[in-house]
Amino acid sequence: MGKRKFSGLELILIAMFLLVSVVAVALVVLLATGEPAVITEGETPKPPEVVPQCRNMPLAERVDCFPDSGASQRKCLERGCCWKPLDETNVPWCFFSENHGYNVTSDHQPSSTKVEAVLKRKTAPSLFGADMEELSFHAEMQTENRLRFKITDAHKPRFEVPHEHVKPPANPPTGPLQYELELVKQPFGIRVRRASSKKVLFDTTIGPLVFADQYLQLSAKLPSHNIYGLGEHVHQQFRHDTNWRTWPIFTMNAFPNGGTHNLYGHYPFFLCLEDDSGKSFGVFLMNSNAMEVTIQPAPAVTYRTIGGVLDFYILLGDTPEAVVQEFTELVGRPVIPPYWAFGFQLSRWDYGSLDEVKRTVERNRDIDLPYDTQYTDIDYMEDTKDFTYDLVKFKDLPQFADYMHEKGQKYILILDPAIAISPRHNGPYHSYDRGTATNSWVTEADGTTALIGKVWPGLTVFPDYTNASCIQWWVDEIERFYKEVKHDAIWIDMNEVANFVKGSSKGCPDNTLNYPPFTPNILDKQMYSETLCMDAKQTWGNHYDVHSLYGYSMTLATNEAVKKVFGRSRSFILTRSSFPGVGKFAGHWLGDNSANWNDIKWAITGMLEFNLFGVPYIGADICGFFDDSSEELCRRWMQVGAFYPFSRNHNAQGYRPQDPAYYGADSLLVKTSKHYLNIRYTLLPYLYTLFFKAHVSGDTVVRPMMHEFYSDSNTWTVDRQFLWGAHLLITPVLDPGVDRVRSYIPDAVWYNYETEERLTDRKEHIDMYLPSDKLGLHIRGGAILPTQRPNVTTTYSRLSPMGLIIALDDNKKASGELFWDDGDSRDTVSSGAYVHCQFSVEKDILTIRVLHNGYTDPNDLKFEDIAILGVSGPPTSVSVHQGNTSTTVPETSIHYDATKAVLHLRGLGLNMGMDYTVTWDEVNSDYERFDCHPEEDSNEAKCKARGCIWQVSHFNSVPWCYYPKDYGYTATTVSNSTSGWTFDIERNTRYPSPRSRSADIDKLRVEIMYLSVHSLRFKIYDPATKRYEVPVPLQLPSTPEADEAKRLYEVRVEQQPFGIKVVRKSTGTVIRKNTMGVIVGLDDDGSAQGPLFWDDGEGIDTYEKKQHLWMTFKANKNTLSSQISHNGLAAADHLTLGEVKVWGAGRVAITQVIFRTQGTADVSLGFTHNQQTEELILHATERSHPLHQPFTILWNTGL
């Protein structure tokens, strides 16, 4: 964290005072001297040594020749540049002439993938002195999608970033290059084109190359304004403003308060979306020196850096996501944190004592908050010294990790780089002494004297993590401290590197490192402000060159310690300062934000950008670090924070607590926090799988909408919503006092996660209703999300059953995957100790395929529940197939919600790590209609007057006016006995009585009697008024069958709406009146044939009127098939295929039966084969196949 001295209001008042003061001083100077700030009226500049050659160019293409302050006509012309003042202050008045730059004096191509050239500087004045007269240019086509070019001094080496991961590929590309490189010689420049379209992507001829010892500049024209990335800053919008915005890059301990200043990380990488084709490219400058990047409306970008070399990588992709994959392949793919690191985390600076930490833990445990990890900040230390703890206020800290582990939770502590030089209370500070003995500190310019600064513990030294002996010292200190105070991971902070005095306790010498000829527009405009002197020495070089690598080198050293201390356990590192490639080892948080509505908004852009940078384990301090958070702000922040990959509530010293339980166990904040954290924990298998994809392929986790919907220009600027991967859309509330959020629904099928209902909106902006306890959460059609029943920690949730949420797309398809390992061991991907499952749905068949199986979960995890969203009708049956085994899912495990069009399958028990198919047959919803207006004069008005639904059907004889699902009656008090049921049902009076001449009876009685083992009777009558009954005596058993075990059936009563189901116990099949069984008697040749004629049984001349079904069954050589000659049945008279008995099937064992219909995949069919009687019973009822559609059944065919 950083020091905080003033409140937000105080800072605003101070800034206003300073602004007024500056204006006042300027006015005094102007009145006294008549000197304007820029140029004196009537000034006659001296003739320049070189006359600028100024061509006509659009204003948007001017490249600034005076990026420092104090531009005037005279100074501009002295630089050999063009002076054309305007009434627009953001457009450069002084811009480069054609005199500047370099020419190519020689070039050659050592191989088909390499180009080299020598560049000679043109005669022109110098901007900042010490220009290099001769440069070398080297270009290498490293891969099909990656071009590298480097420009450096032709005669002596310069500092280059010693990156841990970035290396040239071992072999040149073998496939066709996706880009073309053009070397422009007079003056020097390059153009990079996309090979397929010849579109110019990166054109440096827009401005001259400048290469001095401490000032390097290169400009490039881009094909699009869709520019994303560069960092670390607070970008108030995800897509860059190209109207002359300059962004400094230089790591610094600064507040992310919305200004344009530099922050903790150093990321000279941007992505450019070319157009709505999705074609994109990225540009990465491998340079760690202080720099600034200007984006202008040409569109173009200008880099100005004050050291090192110009080492560029151009990365091409067919989509924005593919560019991120290319970038992470270059700098290092992200680490997969341990599973517990995805749980919710609590922290604050200055709990005051371990007792207060425990009170916080206990009150959040007491409300059953999903909560995995507790932090302690620097207040746990003795006088904020690393590798110590306060022996009074935190005396029991050595046992704290065990206390957390008892409830399945974890403990993380903080370490800062600065090491105090003062002794401890009770003796020497051995960590400092050992570091001094091993020469582990950053030194002054003499290379010997340790540089002294000041941070939290007072006067300090700073470890040089680029020094091998320092790395060993750091590893050793962490190992020593771990033996004293157990912890589970390490949080490193203040590693920009932060220093509370300017440079050192002695100040900084006056030289060109501390005071370079040009200082980028960094915060305070002073190189050593809040950090070390630039002439300080480290093993990798001058601090001037390696300053922005300090946090990166500290992360590398800490990773060595984590491997040593935690061994095979993964653990993780959280770092504030970072550089490209840090995501391979660590996560990041967005720094010392504040409790305000701006910071909750800007956090989304920050997370999107760090996913571009290859650091997907990212989040902001939930509820804000500085200032007191209001209940509303914290509530809304807890909602969206539940979907930060790194989800931590953290606040600062001196402010009110903001852990959820602090607001009260019954508070709305607690209720909504628990609700969305439970959803987070439910979806952790999906989030964990996204990190696997990031690790192996470089995919983003928190994903910009435009990565998925790049063809829709509406998505290019969306930064108040975000995706988890491709399939989960999060729409938070980010403003006070609102319950409607202007949001964009991209072009796909979307389902509300919480209600499971399909959205009607698509490819449009909507005002989404999100009351005080709600956040927008939508699943994209085509997704299969793995889930797990949540618990209060990941330790416990990992014991729970798994599940799947299947969201069907427009084509009734979906796909997804699951990565699963033990959640803790290091390098499970490289060692193969994991399970990788692939899921797909097509044509009502879910296929679970295991792509890799190198891990067996000790908890015997199973997929129990599956939700299928977008199922248009109830299934006639559901079956599970594993190998040669086929099982019919009992009806008690099947629930279909017709209103939401959702099918729930429960209690399936599918073992993780095994292949399965699950099949269900959707009944065409048209065939489920019951005619609400059988009279011939039906129309829409009459239909709706009865409270019924009017919908045209394209199927023959299907009614257009039909009953709603909840039409009819509701069972009230239902009671049953050993002999049957008796209860009343009441009409749903929200619907009118359809016939005025025959009014509906509002209350009826139902009696169900178990007559015998095989039969039952149910009767529905008016209990208030006697009605006519048929006076035909029936031979009924004198006593009912009261023994439930003997009955072959089970009766189930649905209460709302009322319905009766009679289920055959042996198969779980619901008995239907329109089920047709078939008996096949095979002759000696194994053949049989027979016809079927069927009509409604009541109509006259149904044959002549073609109101019938005529079909033929044929059996031959272990095959039974049907042929339809004519089908004129009304929908209500349609038959389904029932049980099929085949006599004479033989005594040879039958191992498999296949059911086949046109247009669908083969499925296995249950069967029973009695080899002695040669009877084969085919359980075709489970297919609920419409008999008027042809089918084929095959057995013992070797399929």
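This report walks through the fold, the cores, the aromatic pairs and some backbone details of one predicted model.

## Overall build

The chain has 1199 residues, and 56% of them count as buried. It holds 17 helices and 70 strands. Along its principal axes, the C-alpha trace spans about 125 × 70 × 65 Å.

Take the contacts with a separation of 6 or more. Residues 24 or more positions apart account for 68% of them. The accessible surface comes to about 48,800 Å². Carbon and sulfur atoms own 50% of that surface. The chain carries 117 positive and 147 negative charges, and the mean positions of the two sets are 1 Å apart.

## The nonpolar cores

In soluble globular proteins, nonpolar side chains tend to be buried together. In this model, the largest nonpolar core has 208 residues. Which members touch the most others? They are Tyr-380, Phe-643, Phe-722, Trp-724, Ile-806 and Leu-846. Helix α9, residues 550–566, gives the most to this core, with nine residues.

Look closely at Phe-722. Leaving aside neighbours within four places in sequence, its contacts include Ile-604, Met-607, Leu-608, Val-640 and Phe-643. Leu-728, Leu-729 and Ile-730 are also among them. So is one charged residue, Arg-703. A second, separate core has 44 residues, including Ile-190, Val-192, Phe-312 and Leu-316.

## Two buried residues

Ile-573 sits in strand β28, residues 573–575. Is it buried or exposed? Its relative accessible area is 1%, under the 20% limit, so Ile-573 is buried. Not counting residues up to four places away in sequence, Ile-573 touches nine residues' worth of named partners, among them Ile-490, Ile-492, Val-562 and Phe-585. Val-562 is 11 residues away along the chain, and the two C-alpha atoms are separated by 8.2 Å.

Asn-467 lies in the loop between β24 (458–461) and α7 (468–484). With a relative accessible area of 16%, Asn-467 is buried too. Beyond its neighbours within four places in sequence, Asn-467 is in contact with Asn-439 and Thr-539.

## Aromatic rings

A search of the whole structure finds 66 aromatic pairs. One of them joins Trp-950 and Trp-960. Their ring centres are 5.9 Å apart and their planes stand at 80 degrees, so the pair is edge-to-face. Trp-950 lies in strand β52, and Trp-960 in the loop between β52 and β53. The pair therefore ties together parts that are 10 residues apart in sequence.

Both rings belong to partly exposed residues: Trp-950 has 22% relative accessibility, and Trp-960 has 38%. Elsewhere, one aromatic cluster includes Tyr-339, Trp-340, Phe-342, Phe-572 and Tyr-617.

## Backbone details

Where are the cis peptide bonds described here? One runs from Gln-186 to Pro-187, with omega near -5 degrees. Pro-187 lies in the loop between β7 (179–184) and β8 (189–194). Another joins Ala-298 and Pro-299, with omega about -5 degrees. Pro-299 is in the loop between β16 (291–296) and β17 (300–305).

Two aspartates have a positive phi although neither is a glycine. For Asp-350, phi is about 80 degrees. Asp-350 lies in the loop between β19 (345–348) and α4 (354–366), and is partly exposed at 27% relative accessible area. For Asp-368, phi is near 60 degrees. Asp-368 lies in the loop between α4 and β20 (373–376). With a relative accessible area of 47%, Asp-368 is partly exposed as well.

Key
Residues are numbered from 1 along each chain as its sequence is written. Side-chain values use heavy atoms; hydrogens and water are left out. A nonpolar core is a set of buried Ala, Val, Leu, Ile, Met, Phe, Trp, Tyr and Cys residues joined through side-chain atoms within 4.5 Å. Buried means under 20% relative accessible area, exposed over 50%, partly exposed in between (1.4 Å probe, protein chains only). Helices (H or I, at least four residues) and strands (E, at least two) are DSSP runs, numbered from the N terminus. Contact means heavy atoms within 4.5 Å. Accessible areas come from the Shrake-Rupley method with a 1.4 Å probe; for residues, only the protein chains shown count as cover. The place of a charge is taken as NZ of Lys, CZ of Arg, CG of Asp or CD of Glu. Rings of Phe, Tyr and Trp (its six-membered ring) pair if their centres lie within 6.5 Å; planes under 30 degrees apart count as stacked, over 60 as edge-to-face and the rest as tilted.
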